[in-house]
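Thank you all for coming. I would like to take a few minutes on one model, and I will keep to what can be computed from it.

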Amino acid sequence: MLDNPYLPLPVRIEQITVETEDKNLRTFKLVFLNKEDEEQFSYIPGQFCELSIPGQGEIPIGIASSPTESGFLMFTINKTGVVTRYIHNMKEGDIIGIRGPLGNWYPWEAMEGKNVVVIGGGFAFTTLRSSIVYMLNPENRNRFKDITVVYGARSPGLLLYREELAEWEKRDDINVHITVDSTDDPDWQYNVGFVPTITEQKITTSEDSYALVCGPPIMIKFTQPVLEKVGFTPEQIIMSLEMRMKCGIGICGRCNIGDKYVCKDGPVFSLAQLNELPKEY
Amino acid sequence: MSDKIIQKQDLPDFLKSLKKTYEVFAPIKENGFHRFKPLKGEENIDLNFTNTRLSPKSLLFPQSERMFEFNLDEKSADANIVKEAPKDYPPAVIFGIRPCDAKALRVMNVNFDNPEFRDPWWVRRMESMTFVGLGCNEPSSTCFCTSVGSGPFNEEGLDVLLFDLGERFLARTLTDKGEKLLDEAGVKKDADSAIKKKADALKEESEKKISSKVPTDKLKEKKVNDLFNAPFWDDVAFACINCGTCTFLCPTCWCFDIQDEITKKQGDRIRNWDSCMFPLFTLHASGHNPRPEKVQRVRQRFMHKLKYYGDKYNNGVACVGCGRCVKYCPVNIDIREVFKLMNDL
């Protein structure tokens with residue numbers, strides 16, 4: 001029989017975690033209802049899924065868990081539109097659907113043996129979280145040289161995955177630079193300043209490095225020149241894009257940039273690739 | 001493969017015998033316009049048309065398609081489990097499809113049936129469908145098929161091609177499917193060489209009648225950003241009212257939306273034709289829109305058809321020269337002019 005790529009597989013919401021103090025971001029841990037679906041589902045950090053809520057619709061969301069974490073998938077969802085609002089009101093135990101994994105992934109083969117610089121801002125830290133957990137896995141850690149993370153949010157309460165960040169901060173096999181735009185918390189022990197500023201202070205070389213950059217457009221706009229200043233070429237700067245999507249498999253026609261569909265040819269593009277495409281995203 | 005003869009007076013019997021095996025879609029005139037509709041009983045099919053106002057693409061790719069169904073009743077065991085909506089795909093024939101419209105389905109096929117993903121509804125319908133084409137004796141003044149890889153008697157995408165020779169049709173079978181269809185309908189009489197010559201002459205004469213030409217030779221070599229940033233887009237888009245008529249009528253436009261609809265506890269997931277002419281097409285939930293302006297959407301339509309499609313699939317342009325968008329655009333935007341602007345930039 002013909003496989004139906006539009007057919008969502010059923011999953012149960014196992015756990016819901018409120019991530020941020022404004023309650024706009026929640027992390028959903030999902031578990032497949034059918035064992036065989038779980039076994040067949042194999043993904044790479046950087047990919048996304050269509051979460052499918054019968055009666056509401058579908059949303060493309062990056063996979064925040066790492067393939068090294070088995071038994072569940074994790075998605076951190078910002079409350080924005082119709083479907084995300086609905087899912088924010090769902091409970092643990094509820095059934096939804098999932099389609100994927102979709103799209104491409106960060107260039108893991110090319111990054112092998114290199115330094116990896118991870119730069120994230122706001123809630124665009126989900127597939128970056130997947131990537132960090134993946135690289136820190138004992139089986140993978142020696143495939144990469146130095147791992148450096150710059151991650152910022154407007155305030156401490158808006159950072160995602162705060163417990164994990166604090167753990168990573170203590171480890172000696174990863175350099176983590178957490179920052180907030182501003183805070184009035186006297187006990188704040190990390191950086192204060194915008195992501196581009198902290199990047200400028202902490203990332204001083206591009207040698208043998210790749211930078212994975214995800215964040216709001218304004219952050220990307222000011223981070224790019226900082227990276228270029230220390231010698232990152234457009235081939236070494238990797239980004240993950242968002243676009244309105246429906247099918248997720250390059251057929252329905254709405255998420256194109258030039259001749260590339262963000263859902264299928266992306267969401268991950270190097271700056272070099274983006275420079276060749278129309279500026280329409 | 002083989003050339004047979006169907007006498008015009010035998011056409012009703014021919015269609016009747018097809019109906020034993022196939023669901024038959026044919027052009028029927030209604031309220032002044034021809035449209036492909038299923039033959040149920042004694043409808044009068046009318047082959048006296050140039051291009052139907054609506055292309056027959058909806059027979060493969062319906063304007064609305066029920067994809068899945070689901071049940072939202074929490075008491076039921078399969079609550080919230082999405083299931084494929086059961087459907088039949090009986091053998092069917094499109095009788096009288098124009099060569100440009102058949103070619104358009106081949107243009108769309110690389111999108112719906114590609115090495116990574118196969119759209120199940122499209123694939124099943126394509127497999128169940130036999131295409132009996134009708135060559136164009138009298139092309140319209142807006143036809144420019146011969147410039148874009150088709151022609152009034154182009155065979156691509158057809159199983160049988162009919163040549164209208166007045167009292168009779170020469171029926172040329174092009175595939176096994178076509179051979180089988182004529183066999184099942186009892187068409188046995190072979191065309192003699194005099195009739196074949198007539199058909200060839202008709203084809204040649206008809207190709208000559210297509211006076212409208214567009215240039216395409218330089219589109220491939222153009223840099224995408226040179227075309228994207230070309231100075232002419234404001235002028236091209238100036239009169240556009242974003243009505244979407246062009247995308248609706250275009251035989252190669254395939255963009256669609258997916259929506260859920262609920263009636264009480266029963267729900268359906270439906271896909272509907274959509275259009276890049278509408279701002280909602282690309283509007284993000286955040287409010288950001290990569291194509292908020294009309295000129296960007298008009299540019300997208302032409303860039304997709306004449307540049308992105310060719311770059312992506314190496315399969316020519318996504319235009320078959322049917323002329324529908326030229327004929328029905330309420331503000332007279334003419335894709336032939338855009339071909340010239342883009343190709344000769």
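I will go through chain B, then the contact between the chains, and then the nonpolar core.

Please keep in mind that this is a predicted model, in which local features need pLDDT of at least 70 and side-chain atom pairs count only at pLDDT 80 or more, while totals for chains, interfaces and linings use all residues. Residues are numbered from 1 along each chain as its sequence is written, and chains are lettered from A and ligands numbered from 1 in the order in which they are written.

Chain B has 11 helices and 11 strands, taken as DSSP runs numbered from the N terminus, with helices being H or I of at least four residues and strands E of at least two. Of its 345 residues, 41% count as buried, meaning that 20 or more other C-beta atoms, placed from the backbone, lie within 10 Å of the residue's own.

Turning to the contact between the chains, chain A gives 34 residues and chain B gives 40 residues, where two residues are in contact if their C-beta atoms, placed from the backbone, lie within 7 Å. On the side of chain A that touches chain B, the largest share, 3 residues, comes from E6(A).

Finally, the largest nonpolar core, a set of buried Ala, Val, Leu, Ile, Met, Phe, Trp, Tyr and Cys residues joined through C-beta atoms within 7 Å, has 163 residues, and those with the most contacts inside it include Phe75(A) and Val93(B). Helix H2 of chain B, residues 99-112, provides the largest share of this core, 7 residues. Phe75(A) touches, among others, Phe28(A), Leu30(A) and Ile61(A), not counting residues up to four places away in sequence.

Terms used. A residue is buried if 20 or more other C-beta atoms lie within 10 Å of its own, exposed if 12 or fewer, and partly exposed in between; C-beta atoms are placed from the backbone.
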